[in-house]
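Subject: A structure for you to look through

Dear colleague,

I am passing on a structure that I would like you to open and turn around before you read any further. My notes follow below it, with each term explained where it is first needed.

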Amino acid sequence: MGKVIALANQKGGVGKTTTAINLAASLAVLEKRILVIDADPQANATSGLGINVKTVEKSIYDCLLTGLAPREIIVKTDVPGLDLLPSHIDLVGAEIKMLERPVAARNHILAGVISKLRDDYDYIFIDCSPSLGLIVVNALTAADSVIIPIQCEYFALEGTGKLLNTIKVIQSNLNPNLGIEGILLTMYDSRLLLSNQVADDVCAHFPDLTYQTRIGRNTKLSEAPAAGQPAILYDADSRGATHYMQLAVELLKRNGDYPEEPEPTE
Ligand SMILES: Nc1ncnc2c1ncn2[C@@H]1O[C@H](COP(=O)(O)OP(=O)(O)O)[C@@H](O)[C@H]1O
Ligand SMILES: [Mg+2]
């Protein structure tokens, strides 16, 4: 059964979508079966994985609101083993309509959709929007764990406190099994004092949760979405692609899902 991991941070522009796309692509290259669910009306993960948002006719919106089977909507991407459940700007209107559902049901709609898919994938990533609306609550209710990307910039921890509180509320009310998968330092620049201060600060606050892999600032990561490709297809040798591959290996190791190196034989 696949593990469901949400990418969340109430701050925008911290690398949630970049991480969803590139971590997912790296895991697919490592031969895991991967699905990215784009749960953001901005649909950046959808376009970043090469799907023209203007031509998306059915999206996650239809799964959430009309009960359309997710398999009818999921598309393959250019990376073998990496599928996408696309988003659409219409998703903005979904939250209002979801409010028409009974209180007890409205937070579990996405969990119901995902339960039909778990057996088909090893890892399912949900790319969340920064707002804390009903769709993000649905994502955290459906998820097994959360990856929190933190940008190595001023006010880095702003938003993290809020998100950790949100996670506690979800744990006590909706999803007691929700864990923190890891905290990821993004847009790290080892030459900058500020970047290092933020990284040290985050590691000191969350020593066990922070990934050793830090995602460096790399222009290939910001150019690749315009080409509709993960960095590993756009420029496989780029630092961005390399860092996300390192993160994929670290994630698999944390989950006991990476083959042990064989003992050297005499
Ligand atoms: N490591 C990085 N190096 C350079 N640019 C990055 C990096 N990570 C993200 N970006 C760029 O920063 C912007 C915000 O990233 P994004 O992943 O869209 O954030 P979020 O989904 O949290 O809003 C995008 O333009 C993206 O291309
Ligand atoms: Mg995003």
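Two strands pair if DSSP finds at least two bridges between them, and the helices (H or I, at least four residues) and strands (E, at least two) named here are DSSP runs, numbered from the N terminus. Please keep in mind that this is a predicted model, in which local features need pLDDT of at least 70 and side-chain atom pairs count only at pLDDT 80 or more, while totals for chains, interfaces and linings use all residues. Residues are numbered from 1 along each chain as its sequence is written, and chains are lettered from A and ligands numbered from 1 in the order in which they are written.

With that in hand, strand β6 (residues 145-151) pairs with β7 in the parallel sense over 7 bridges, and one of the pairs to look for is Ile-150 with its bridge partner in β7, Leu-185. Together with helix α8 (residues 160-173), β6 and β7 make a right-handed β-α-β unit, where right-handed says that, with the strands pointing away from the viewer, the path from the first strand over the helix to the second runs clockwise.

A residue is called buried if 20 or more other C-beta atoms, placed from the backbone, lie within 10 Å of its own, exposed if 12 or fewer do, and partly exposed in between. Strand β7 (residues 179-186) is largely enclosed by the rest of the structure, because 6 of its 8 residues are buried.

The largest nonpolar core, meaning a set of buried Ala, Val, Leu, Ile, Met, Phe, Trp, Tyr and Cys residues joined through C-beta atoms within 7 Å, has 83 residues, and Phe-125 and Leu-140 are among those with the most contacts inside it. Helix α1 gives the most to this core, with 8 residues.

Around ligand 1 there are 17 residues, counted as near if the C-beta atom, placed from the backbone, lies within 6 Å, and the closest include Lys-16 and Ser-222. The elements that give two or more residues to this shell are α1 (16-29) and α10 (219-223), and α1 gives the most, with 3 residues.

Finally, most residues other than glycine have a negative phi. Glu-31, however, has a phi near 70°, a positive value; this residue lies in the loop between α1 and β2 (34-39) and is exposed, with 10 other C-beta atoms within 10 Å.

With best wishes
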